[in-house]
Amino acid sequence: MPALVKEKVRDIPDFPKPGIIFKDISTVIKDPEAFKHVIDFFVDKLKDKQVDYIAGIESRGFLFAGPIAYNLGAGVIIIRKPGKLPAETVSVTYDLEYGTDTIEIHKDAIEEGKRVVIMDDLLATGGTASAACKLVEKVGGKIVAIGFMIDLTFLNGKSKLPEDVEVITMVEY
Ligand code: AMP
């Protein structure tokens, strides 16, 4: 069903800045059938991996992390932008085209050796997901897979991700 989902992704040219074609997934998740296809796709791919936690990356990663975790009988971990998490945090800063960005996780979010899947809506350059991998490993998690609804394959984001971890994507451009 990836084709049905792809049909629902809306392209917004020049957002948030000129030259970027923003892949708007709000038109996927508001459609009950398409949203179900996305969640079922990842649940099926992950069901035999003994997943303890799905770690969602703020903010669109949360939309997928919750229902996938619920269906797998796993928990949800939140990876957020700086200053949002209330307890003690660990952070990773990574390079953007211009400048840097930082993401954080609670220091005690993951018990040593727990099996974690990182989830976001879209893989572009891979900077965000690569930083998320570092965060999860820093706090003791074992990454068993990384999932994205969309992969902008022409940006080759996969090359930034750990080689030994399975990357699961549903819709490719
Ligand atoms: P990156 O770190 O370059 O892989 O960027 C991934 C993050 O930025 C994800 O959390 C996406 O939600 C967002 N993002 C990057 N490029 C786009 C795009 N063209 N359309 C929608 N979201 C994007």
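Me: Which side chain has an N or O atom 2.8 Å from an oxygen atom of the ligand?

Reply: That is Asp120. A polar contact is a pair of N or O atoms within 3.5 Å; within protein, one must be able to donate a hydrogen and the other to accept it, and residues adjacent in sequence count only if both atoms are side-chain atoms. Before we go on, this is a predicted model, in which local features need pLDDT of at least 70, side-chain atom pairs count only at pLDDT 80 or more, and totals for chains, interfaces and linings use all residues. Residues are numbered from 1 along each chain as its sequence is written, and side-chain values use heavy atoms, with hydrogens and water left out.

Me: Which residues offer polar backbone atoms to the ligand?

Reply: Ile21 has one at 3.0 Å from a ligand nitrogen, and Gly126 has one at 2.7 Å from a ligand oxygen. The protein covers 81% of the 490 Å² of accessible area that the ligand has on its own (Shrake-Rupley method, 1.4 Å probe; for residues, only the protein chains shown count as cover).

Me: How do I read the shell around the ligand, and which residues come nearest?

Reply: A residue is near a molecule or strand if one of its heavy atoms lies within 4 Å of it. Here 13 residues surround the ligand, and Arg60, Asp120, Thr125, Gly126 and Thr128 come nearest. The shell divides into 5 nonpolar, 4 polar and 4 charged residues; Ala, Val, Leu, Ile, Met, Phe, Trp, Tyr, Cys and Pro count as nonpolar, Asp, Glu, Lys and Arg as charged, and the others, Gly among them, as polar. S2, S7 and H5 each supply at least two residues of this shell. Those labels are DSSP runs numbered from the N terminus: helices (H or I, at least four residues) and strands (E, at least two).

Me: What space does the ligand take?

Reply: The ligand takes the largest pocket; a molecule sits in a pocket if more than half of its atoms lie within 2 Å of its grid points. A pocket is an open set of points on a 1 Å grid over the protein atoms alone, where a 1.4 Å probe fits, with protein on both sides within 12 Å along at least five of seven lines; lining residues have an atom within 4 Å of a point. The volume is about 1300 Å³, counted as the space filled by probe spheres set on points joined across faces, edges and corners. Of the 37 lining residues, Arg60, Leu96, Leu122, Ala124 and Thr128 are closest to the centre.

Me: Which element gives the most to that lining?

Reply: S7 does, with 4 residues. By class, the lining has 18 nonpolar, 7 polar and 12 charged residues.

Me: Where are the cis peptide bonds?

Reply: One joins Phe15 and Pro16, with omega about -5 degrees, and Pro16 lies in the loop between S1 (10–13) and S2. Another joins Glu58 and Ser59, with omega about -10 degrees.
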